[in-house]
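I opened my notebook with a plain aim: look up a few things in this structure and write down what turned up. Here are the entries.

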Amino acid sequence: MNAPQLEWTRNRATRRKLVSGSVMLSVITVGTLATAGLLDEANRRGAALAALVATGVLLLGWILLTGCLNASMRGTADPYVARLQGGHDERQRLLHADTYRRCYWPMLGLLSVATVSVVVLRPGVVPSLTIFLSAYVAAVMMPLWTLSWTMPEELVDG
């Protein structure tokens, strides 16, 4: 996560742009997937296939953006990096723990909304899938987005 090629991502303004882009791309990706489902239910298979292809392309962009965002913080929000030998230093562990502590209840609320939308409401396959995916993606990405947005500038040695 310390690759010099990613230095351009490590200032606060760039991280905030990456967060904004990630949120926007998440909403658009879930929206195109919902559109594909609605078109499929309306028996417009060709348009549904085109929407699914667009969803796949958007998803690739979202994955790349999320990777840049994670690398911009040197993997501080990533729980898997913390388990690696020499993964996080003390400051990163504290930032990681504080972020997950702040995001716990909002994440639990979003995951509850996702569960209720599928199990209790049953508004139909496409609307419940859209609500579920929106809430799930927001809950899973919340710690990364929060930490990226609030993390202070890195101190430069020298």
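**Aromatic pairs**

I searched the whole structure for aromatic pairs, and the search gave two. This is a predicted model, so I kept that in mind throughout.

How are the rings of Tyr104 and Trp105 arranged, as a pair? Their centres are 5.1 Å apart and their planes stand at 80°, which is over the 60 degrees needed, so I noted this pair as edge-to-face. I then looked up how open each partner is. Tyr104 has a relative accessibility of 45%, so I put it down as partly exposed. Trp105 comes out at 62%, which is over the 50% cut-off, so I wrote it down as exposed.

The other entry is Phe132 with Tyr136. Here the ring centres are 5.9 Å apart and the planes are at 15°, so the pair is stacked. Where do Phe132 and Tyr136 lie? Both are in helix 5, four residues apart, which is about one turn of the helix. I checked exposure here too: Phe132 is partly exposed at 30%, and Tyr136 is partly exposed at 40%.

**The overall layout**

Next I stepped back to the whole protein. I counted five helices and zero strands, and reading along the sequence I get the pattern α-α-α-α-α. How much of the protein is buried? Of its 158 residues, 35% count as buried. I also looked at contacts between residues at least 6 apart in sequence: 70% of them join residues at least 24 apart.

**Helix 1 with helix 2**

I took the helix pairs one by one. Helix 1 and helix 2 pack at about 160°, with axes 8 Å apart. That angle is over 145 degrees, so helix 1 is roughly antiparallel to helix 2. I noted the crossing of helix 1 past helix 2 as left-handed. Sorting the contact residues of helix 1 with helix 2 by class, I have 17 nonpolar, nine polar and three charged.

One residue I looked up in helix 2 was Gly61. Is Gly61 buried or exposed? The value is 27% relative accessibility, so Gly61 falls in between and counts as partly exposed. I also read off a separation from Gly61 to Leu25: the two are 36 residues apart along the chain, and their C-alpha atoms are separated by 8.0 Å.

**Helix 1 with helix 5**

Helix 1 covers residues 12-41, and the axes of helix 1 and helix 5 come within 10 Å and cross at roughly 170°. These two helices are therefore roughly antiparallel to each other. By class, the residues of this contact divide into 13 nonpolar, eight polar and four charged.

I picked Ala34 in helix 1 for a closer look. At 12% relative accessible area, Ala34 is buried. Which residues does Ala34 touch, leaving aside those up to four places away in sequence? I found Val126 and Thr130. The C-alpha atoms of Ala34 and Thr130 are 5.8 Å apart in space, although their positions lie 96 residues apart in sequence terms.

**Helix 2 with helix 5**

Helix 2 runs over residues 45-72 and helix 5 over residues 125-150; their axes come within 10 Å and cross at roughly 40°. I noted a left-handed crossing for helix 2 past helix 5 as well. Which residues meet here? From helix 2 I listed Trp62, Thr66, Leu69 and Asn70, and from helix 5 Val137, Met141, Leu144, Trp145 and Ser148. By class, I make that six nonpolar, three polar and no charged residues.

**Arg102**

My last entry is on Arg102, which lies in helix 4, residues 90-121. Its relative accessible area is 41%, so Arg102 is partly exposed. Setting aside residues up to four places away in sequence, Arg102 touches Thr146 and Thr150. I also checked Arg102 against Leu147: they are 45 residues apart in sequence, and their C-alpha atoms are 10.0 Å apart in space.

How values were computed
Residues numbered from 1 in each chain as written. Predicted model: local features only at pLDDT ≥ 70, side-chain atom pairs only at ≥ 80, totals over all residues. Heavy atoms only, no water. Axes fitted to C-alpha atoms, helices over the stretch in contact; angles between N-to-C directions. Left-handed = near helix turned anticlockwise from the far one by under 90°. Contact = heavy atoms within 4.5 Å. Nonpolar A, V, L, I, M, F, W, Y, C, P; charged D, E, K, R; others polar. Parallel < 35°, antiparallel > 145°, perpendicular 65-115°, else oblique. Buried < 20%, exposed > 50% of the residue type's maximum accessible area, 1.4 Å probe, protein only. Phe/Tyr/Trp six-rings, centres within 6.5 Å; stacked < 30°, edge-to-face > 60°.
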